[in-house]
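Let's take a friendly walk through this model together. Have the viewer ready and follow along.

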Amino acid sequence: MQSERETIGSGGIGIGSGCGRAGAGRVAGSESAIGMRKSSVIGHRSGVPTIAAARRRRAMRAAGAPRVTDDPDESERQPMTDERQPSKVALVTGAGSGVGRASALALAADGWQVVLVGRREDALRQTAEQAEGAASRMLVAPCDVTDPQAVDAVFERIRAAFGRLDLLFNNAGMGAPKVPFDEITVEQWRAVVDLNLTGMFLCAQGAFRLMKAQRPQGGRIVNNGSISAYAPRPHSAPYTATKHAVTGLTKTISLDGRPFDIACGQIDIGNAATEMTERMTGGVLQAHGATVPEPRMDVRHVAQAIVQMAGLPLETNVQFMTIMATKMPFVGRG
């Protein structure tokens with residue numbers, strides 16, 4: 001997990017307020033040390049501290065005073081306790097709205113550099129504008145993830161800008177019109193397959209290549225599955241088929257990535273409150289034929305889960321996580 005003290009701006013590493021407090025403590029400690037050295041000069045003879053001076057220093061340390069040494073340069077040689085390491089780099093697809101936007105904002109707030117990918121540049125810029133104090137850590141990269149050349153260009157841009165990628169949240173996806181199975185057109189089917197499956201494959205492959213080649217080697221890929229990766233809704237063949245396929249993709253990447261420290265997991269989301277699920281408040285067709293409103297959950301809880309998965313060391317992986325509105329009709333669905 002990235003420290004809130006660590007940020008990277010356009011000019012390089014910047015240390016935030018947490019490290020500033022540590023620095024203030026060292027200055028105060030130096031001033032206290034100067035004062036105590038002056039008061040203890042009388043207790044020194046030929047540079048050798050007297051018993052009384054030693055007792056005074058022990059008493060002050062026991063009371064919580066900064067450590068005082070007889071070597072004025074010793075404090076500068078003490079190791080620093082804060083870790084000044086650059087922010088990690090994340091790529092979020094579908095970052096212009098919904099789960100993607102919420103996750104991008106949460107990652108940026110946690111100290112990540114975030115590459116925002118989506119079809120609409122204006123929506124991506126709106127996401128960056130909502131990153132309070134963290135907009136400088138966001139890179140807007142418009143891209144149609146179904147276009148192999150466009151996806152390659154995004155990863156080349158990441159390589160040039162940051163030199164590595166630590167996280168891909170493979171989030172971009174879409175549904176299809178809710179029509180009976182026999183009325184689905186080939187065009188509708190292909191549009192969903194292209195985005196939900198082919199687009200996810202292309203982004204995962206680009207991330208895999210970069211993570212395999214970079215040093216230190218490795219990284220993490222989190223694919224956005226769905227409750228529909230387990231159980232379908234009525235009239236949802238294209239969406240449900242692709243989400244089942246995403247589960248197979250996740251397992252394969254997880255297996256193939258092992259030799260290269262590339263972890264791959266999947267988050268299966270049920271009824272996060274976004275534009276896509278707004279219709280659920282008015283009623284959704286259920287398996288028994290009735291149309292019933294469904295409860296939703298705050299999308300920020302999904303974003304928090306992504307930050308948690310992203311922050312784990314590469315030796316640890318959440319293979320599958322289901323996060324859902326507690327009272328939605330999933331358990332027993334169908």
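The paragraphs below go from the nonpolar cores to the cysteines and then to one asparagine.

This is a predicted model, in which local features need pLDDT of at least 70 and side-chain atom pairs count only at pLDDT 80 or more, while totals for chains, interfaces and linings use all residues. Residues are numbered from 1 along each chain as its sequence is written, and side-chain values use heavy atoms, leaving out hydrogens and water.

Start with the largest nonpolar core (buried Ala, Val, Leu, Ile, Met, Phe, Trp, Tyr and Cys residues joined through side-chain atoms within 4.5 Å). It has 40 residues, and those touching the most other members are Leu107, Val114, Leu116, Met138, Ile267, Ile269 and Val302. Helix α9 (residues 299–310) gives the largest share of this core, eight residues. Helices here are DSSP runs of H or I, at least four residues, numbered from the N terminus. Apart from this core lies another, of 30 residues, with Ile158, Cys203, Ala207 and Leu210 among them.

What about disulfides, meaning cysteine sulfur pairs within 2.5 Å? A search of the whole structure finds zero. For Cys203, the nearest cysteine sulfur is that of Cys143, 6.3 Å away. Cys203 counts as buried because its relative accessibility is 4%, where buried means under 20% relative accessible area with a 1.4 Å probe, protein chains only.

Finally, look at Asn196 in helix α7 (residues 186–213). Asn196 has a relative accessible area of 0%, so it is buried. Its side chain makes a polar contact with that of Thr242 at 3.2 Å; such a contact is a pair of N or O atoms within 3.5 Å, and within protein one must be able to donate a hydrogen and the other to accept it, with residues adjacent in sequence counting only if both atoms are side-chain atoms. Asn196 and Tyr239 are 43 residues apart in sequence, with 7.8 Å between their C-alpha atoms.

Conventions
Helices (H or I, at least four residues) and strands (E, at least two) are DSSP runs, numbered from the N terminus. Buried means under 20% relative accessible area, exposed over 50%, partly exposed in between (1.4 Å probe, protein chains only). A disulfide is a pair of cysteine sulfur atoms within 2.5 Å.
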